[in-house]
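The following exercises ask the student to read a protein complex from its atoms. Each task is followed by a solution in steps.

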Amino acid sequence: MSALQTPERKLIDRELVGLRSRPHQYPGARSARAWRWTAGSGIALVVLATAHIVAQHFVVHGTGGLRTYQQVLDFVANPVLFVIECGFLFAVTIHAMLGLRSVLHDLVARPRTRRRIDKTLWVVGTLTVTYGLALLITLAIRA
Amino acid sequence: MTTDELRAHAERHDQAPVHHKGPGPALSGWLDPRGRTLGGRSFALHRLTGLALVLYLYIHLGVLSMLLVGKSAWGSFLGTVTATGFLVLDVVLIFGLLFHGLNGIRVALVGSGIGVRHHRTMFWAATVVGTCVLIYAALHVLGAL
């Protein structure tokens, strides 16, 4: 059996396993799903980014409308605003990673390179959300 | 075919220097405005603003890390970014957000099959709305309101 494990055979086996585990998936399903997530997170961002920018720049009086240190802590300590900011962080990261994926996939045709791009963006996105959440939680605790 | 569609069809065969390196247009292809229709130009600007906003996301996260340092660090940072030069950059950022957001709504609608025949009208309507919001935001950020 091991004699049959040529690189080509392994590739065929992997493709077959993939097809069996996702029998409903048609070619291009991943791109369609990515487009739906991009559009969905984009629509969510229209609301969340507007709320974020208005709250951070248009509510506070003064040049630039920026919050002082204590004002930032008070803002993050509000549970409703904390949840909105977390939602904003998730939506913006998902949208950014899918946008980058779209640009990079247009420049690269090789499936293996595209899979590497996908994996890298997953890691970068996860790190971004983790760091953002850690920042928000730390500030909320300090308030 | 309408006159606009015929013109767009002819424009597509113009001599824009698109060098294909993958299945889509290469970066040099999007950045060249020659031989592009309205949709092509807005696609290019959508991507450019998107890439700029991703860059800004990480700059923003880096800047917010100053809050972890403490009150004095944030205070001195505020002193720097409320200078007029930085506030003008804020206005450029708002332009990027508005263009990307409003054009994104148009793309999402057209991509979902809604208003496909009116995509040009939607583009110009979004331009008018975006310009009005940008003027208000610029005046507010620069302290004129």
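**Exercise 1. A salt bridge between chains**

Task: In this predicted model, determine which side chain meets A:Asp106 in a salt bridge, and where the two partners lie.

Solution. Step 1: The partner is B:Arg47, and the separation is 2.9 Å, N to O. Step 2: This pair crosses between chains, since A:Asp106 belongs to helix α4 of chain A and B:Arg47 to helix α3 of chain B. Step 3: Both A:Asp106 and B:Arg47 are buried.

**Exercise 2. A salt bridge within chain A**

Task: How many salt bridges are counted over all chains? Describe the one that involves A:Asp118, and decide whether its partners are buried or exposed.

Solution. Step 1: The count over all chains is two. Step 2: The side chain of A:Asp118 meets that of A:Arg101 at 3.1 Å, N to O. Step 3: The pair links distant parts of the chain, with A:Asp118 in helix α5 and A:Arg101 in helix α4 (residues 79-107), 17 residues apart. Step 4: A residue is buried if its relative accessible area is under 20%. A:Asp118 has a relative accessibility of 14% and therefore counts as buried. A:Arg101 has a relative accessible area of 13%, so this residue is buried as well.

**Exercise 3. The nonpolar cores**

Task: Identify the residues with the most contacts inside the largest nonpolar core, and state which elements contribute to this core.

Solution. Step 1: The largest core has 17 residues, and those with the most contacts inside it are A:Val76, A:Leu139, B:Leu67, B:Trp74 and B:Phe77. Step 2: Two or more residues come from each of the following elements: α3 and α5 (111-142) of chain A, and α3 (38-64) and α5 (71-81) of chain B. Step 3: The largest share, five residues, is given by α3(A). Step 4: Beyond its neighbours within four places in sequence, A:Leu139 is in contact with A:Leu73, A:Val76, B:Leu67 and B:Leu68. Step 5: Another core, of eleven residues, lies apart from this one; among its members are A:Phe88, A:Ala96, A:Ile117 and B:Val54. As a general point, nonpolar side chains tend to be buried together in soluble globular proteins.

**Exercise 4. Positions at the surface**

Task: Which residues make the nonpolar surface patch of about 440 Å²? Classify B:Val88 and A:Ala77 by their accessibility.

Solution. Step 1: The patch is made by B:Phe86, B:Val88, B:Leu89, B:Val92 and B:Leu142. Step 2: B:Val88 is located in helix α6 (residues 84-111) of chain B. Its relative accessibility is 42%, so B:Val88 counts as partly exposed. Step 3: A:Ala77 is located in helix α3 (residues 69-77) of chain A. With a relative accessibility of 39%, A:Ala77 also counts as partly exposed. Step 4: A:Ala77 and A:Ile141 are 64 residues apart in sequence, yet 7.6 Å apart in space, C-alpha to C-alpha.

**Exercise 5. Chain A as a whole, and confidence**

Task: How many helices and strands does chain A have, and which element of chain B has the lowest mean pLDDT?

Solution. Step 1: Chain A has five helices and zero strands. Step 2: Of its 143 residues, 32% count as buried. Step 3: The accessible surface of chain A is about 9,000 Å², and 69% of this belongs to carbon and sulfur atoms. Step 4: In chain B, helix α1 (residues 3-12) has the lowest mean pLDDT, 58, and helix α7 (residues 119-141) the highest, 94. Step 5: The average pLDDT of chain B is 83, and 79% of the residues score at least 70. Step 6: For the complex, the predictor gives an ipTM of 0.78 and a pTM of 0.78.

Conventions. Residues numbered from 1 in each chain as written. Chains lettered and ligands numbered in written order. Predicted model: local features only at pLDDT ≥ 70, side-chain atom pairs only at ≥ 80, totals over all residues. Heavy atoms only, no water. Patch = residues over 30% accessible without salt bridge, like charges linked within 9 Å, V, L, I, M, F, W, Y side chains within 5 Å. Areas by Shrake-Rupley, 256 points an atom, 1.4 Å probe, with all protein chains shown as cover. Salt bridge = Lys/Arg side-chain N within 4 Å of Asp/Glu carboxyl O. Helix = DSSP H or I, 4+ residues; strand = E, 2+ residues; numbered from the N terminus. Buried < 20%, exposed > 50% of the residue type's maximum accessible area, 1.4 Å probe, protein only. pLDDT = per-residue confidence, 0-100. Core = buried A, V, L, I, M, F, W, Y, C linked by side-chain atoms within 4.5 Å. Contact = heavy atoms within 4.5 Å.
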